[in-house]
Amino acid sequence: MLTIRPLTQAEYDVRVPALKAEYAADEVRAGRATLEDATERVERQFATLLPDGLATEGQLLFAGVVDGEVVGFLWIGLPIADRPQAWIYEIQVDEAHRRRGHGRALMLAAEDELRARGVARLGLNVFGHNPGARQLYESLGFETTSQQMSKALE
Ligand SMILES: CC(C)(COP(=O)(O)OP(=O)(O)OC[C@H]1O[C@@H](n2cnc3c(N)ncnc32)[C@H](O)[C@@H]1OP(=O)(O)O)[C@@H](O)C(=O)NCCC(=O)NCCS
């Protein structure tokens with residue numbers, strides 16, 4: 001059974017730089033920026049979102065643990081004035097542990113955590129080039145609320 005516990009500083013120091021690189025690569029893959037611009041933008045976003053790192057108020061970072069082993073990572077933002085729902089900033093299941101239900105279990109753990117805090121709605125962004133994640137969210141009852149479209153002009 002999967003449980004979540006707060007991320008440690010050592011885990012944060014590994015996960016967050018890797019996540020920044022992935023966010024930037026996603027922006028490039030989506031055709032929204034060059035790697036240089038995306039890297040700069042992601043640095044700015046993270047400085048705003050996590051000004052105090054793990055201690056940032058309203059940001060919850062967890063490790064997902066199965067049988068004593070860390071299998072993934074979850075980052076949730078609590079609701080704020082201009083976004084009155086909680087937000088999944090990231091969910092990751094480490095590659096060797098995928099397709100065993102841990103992603104689903106992490107999402108359900110996030111829902112439980114938020115219900116316990118009285119939060120009524122949860123949102124997230126997902127890239128079109130990530131059909132596996134889209135399928136996971138749809139199977140959990142998430143509905144598309146907006147969609148960005150883009151076309152390469154050659
Ligand atoms: C997305 C992610 C968290 C899913 O984790 P997981 O532990 O493999 O997911 P689960 O085993 O709980 O899968 C649940 C369901 O999601 C769907 N799914 C998950 N991965 C999929 C894939 N690669 N292709 C198609 N469907 C997939 C399936 O419907 C699956 O059910 P099934 O295994 O019974 O077919 C994982 O692939 C991951 O960490 N990816 C990299 C990070 C990422 O993209 N995060 C999402 C950012 S929006």
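## Strand 4 and its surroundings

In this predicted model, strand 4, spanning residues 86–93, is largely enclosed by the rest of the structure, because eight of its eight residues are buried, where buried stands for under 20% relative accessible area.

On one side, strand 4 pairs with strand 3 (residues 69–77) in the antiparallel sense over six bridges, and within this pairing Leu 74 stands opposite Ile 91 of strand 4. Strand 4 also pairs with strand 5 (residues 122–124), here in the parallel sense and over three bridges, with Leu 122 of strand 5 as the bridge partner of Ala 86.

## The crossover to strand 5

Helix 3, which covers residues 102–116, joins with strand 4 and strand 5 in a β-α-β unit, and the handedness of this unit is right-handed.

## The sheet as a whole

Strands of a sheet pair through backbone hydrogen bonds, in either a parallel or an antiparallel manner. Here five strands form an open sheet with mixed pairing, arranged in the order 1-2-3-4-5. Strand 1 (2–6) and strand 5 are the edge strands, each of them pairing on one side only. Neighbouring strands of the sheet are turned against each other by 35 degrees on average, with direction ignored.

Strand 2 (residues 59–66) pairs with strand 3 in the antiparallel sense over eight bridges. Leu 74 of strand 3 is the bridge partner of Phe 62, and Leu 74 also stands opposite Ile 91 in strand 4.

## Helix 1 across the sheet

Helix 1, made up of residues 9–29, lies across strand 1, strand 2, strand 3 and strand 4, and its direction runs at about 65 degrees to strand 3.

Conventions. Residues are numbered from 1 along each chain as its sequence is written. This is a predicted model: local features need pLDDT of at least 70, side-chain atom pairs count only at pLDDT 80 or more; totals for chains, interfaces and linings use all residues. Side-chain values use heavy atoms; hydrogens and water are left out. Buried means under 20% relative accessible area, exposed over 50%, partly exposed in between (1.4 Å probe, protein chains only). Helices (H or I, at least four residues) and strands (E, at least two) are DSSP runs, numbered from the N terminus. Two strands pair if DSSP finds at least two bridges between them. A crossover is right-handed if, with the strands pointing away from the viewer, the path from the first strand over the helix to the second runs clockwise. Axes are lines fitted to C-alpha atoms, for helices over the stretch in contact, and angles run from 0 to 180 degrees between N-to-C directions. Contact means heavy atoms within 4.5 Å.
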